Amino acid sequence: MRNIEKTISFRADVDKIDALDSLAVAQDRPRSYLINEAITNYIQLHAYQDALVRKGLEEMRKGCVVSHDEVVNRLKRAGWRGRR
């Protein structure tokens, strides 16, 4: 499968660009490499979170739910002490 690249443009704070450039120098990578890594990580993280939410909603529709009180009781039995 061939990767087709497309150029995009966006605005960012100068401080962010400076930090990105510092990382690029430290890692001996071009700025675009780090930006692509960041975009890949963002997409993977949000796709994962979206899948978890969808799974949770499906479980809820099936009636597989636990009340808040039951969760608290289970945590207490497991040794949870609450906020300190």
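Q: Which pattern does the chain follow, read along the sequence?
A: In this predicted model, the chain reads α-α-α from start to end. Its secondary structure comprises three helices and zero strands.

Q: How is the radius of gyration of the chain to be read against the globule rule?
A: The general idea is to set the value beside what the rule gives for a chain with that number of residues. Here the radius of gyration is 22 Å, whereas the rule gives 12 Å for 84 residues; the value is well over the rule, so the chain is more spread out than a compact globule. Along the principal axes, the C-alpha atoms fill a box of roughly 50 × 40 × 25 Å.

Q: What share of the residues counts as buried?
A: A residue is called buried when its relative accessible area is under 20%. Of the 84 residues in this chain, 6% meet that description. The accessible surface comes to about 8,400 Å², and carbon and sulfur atoms account for 53% of that area.

Q: How does one judge the span of helix α2?
A: One compares the distance between the end C-alpha atoms with the span expected at 1.5 Å a residue. Helix α2 covers residues 31-61, and its 31 residues should span 45 Å; the end C-alpha atoms are 45 Å apart, which agrees. The same reading applies to α1, whose 14 residues reach 20 Å from the first C-alpha to the last, close to the 20 Å expected.

Q: Which residues with positive phi follow the helices α1 and α2?
A: After α1 comes Asp28, with a positive phi near 55°. Asp28 is a residue other than glycine, and its place is in the loop between α1 (14-27) and α2. With a relative accessible area of 71%, Asp28 is exposed. After α2 comes Gly63, where phi is also positive, near 90°.

Q: Is Leu20 buried or exposed?
A: The cut-off for a buried residue is under 20% relative accessible area. Leu20, placed in helix α1, has 17% relative accessibility and therefore counts as buried.

Q: Which residues does Leu20 touch, not counting those up to four places away in sequence?
A: On that count, Leu20 touches Arg31, Leu34 and Ile35. For Leu20 and Asn36, separation in sequence and in space can be set side by side: the two are 16 residues apart along the chain and 12 Å apart, C-alpha to C-alpha.

Q: How far is Lys76 from Arg61 in space?
A: Lys76 and Arg61 are 15 residues apart along the chain, and their C-alpha atoms are separated by 27 Å. Lys76 lies in helix α3, residues 68-77. It is exposed, with a relative accessible area of 52%.

Q: How many positive and negative side chains does the chain have, and how far apart do the centres of the two sets lie?
A: There are 16 positive and 12 negative side chains. The centres of these two sets lie 8 Å apart.

How values were computed
Residues are numbered from 1 along each chain as its sequence is written. This is a predicted model: local features need pLDDT of at least 70, side-chain atom pairs count only at pLDDT 80 or more; totals for chains, interfaces and linings use all residues. Side-chain values use heavy atoms; hydrogens and water are left out. Helices (H or I, at least four residues) and strands (E, at least two) are DSSP runs, numbered from the N terminus. The radius of gyration is taken over C-alpha atoms; the globule rule is 2.2 Å times the number of residues to the power 0.38. Buried means under 20% relative accessible area, exposed over 50%, partly exposed in between (1.4 Å probe, protein chains only). Accessible areas come from the Shrake-Rupley method with a 1.4 Å probe; for residues, only the protein chains shown count as cover. Lys and Arg count as positive and Asp and Glu as negative; His and the chain ends are not counted. The place of a charge is taken as NZ of Lys, CZ of Arg, CG of Asp or CD of Glu. The expected span of a helix is 1.5 Å times one less than its number of residues. Contact means heavy atoms within 4.5 Å.
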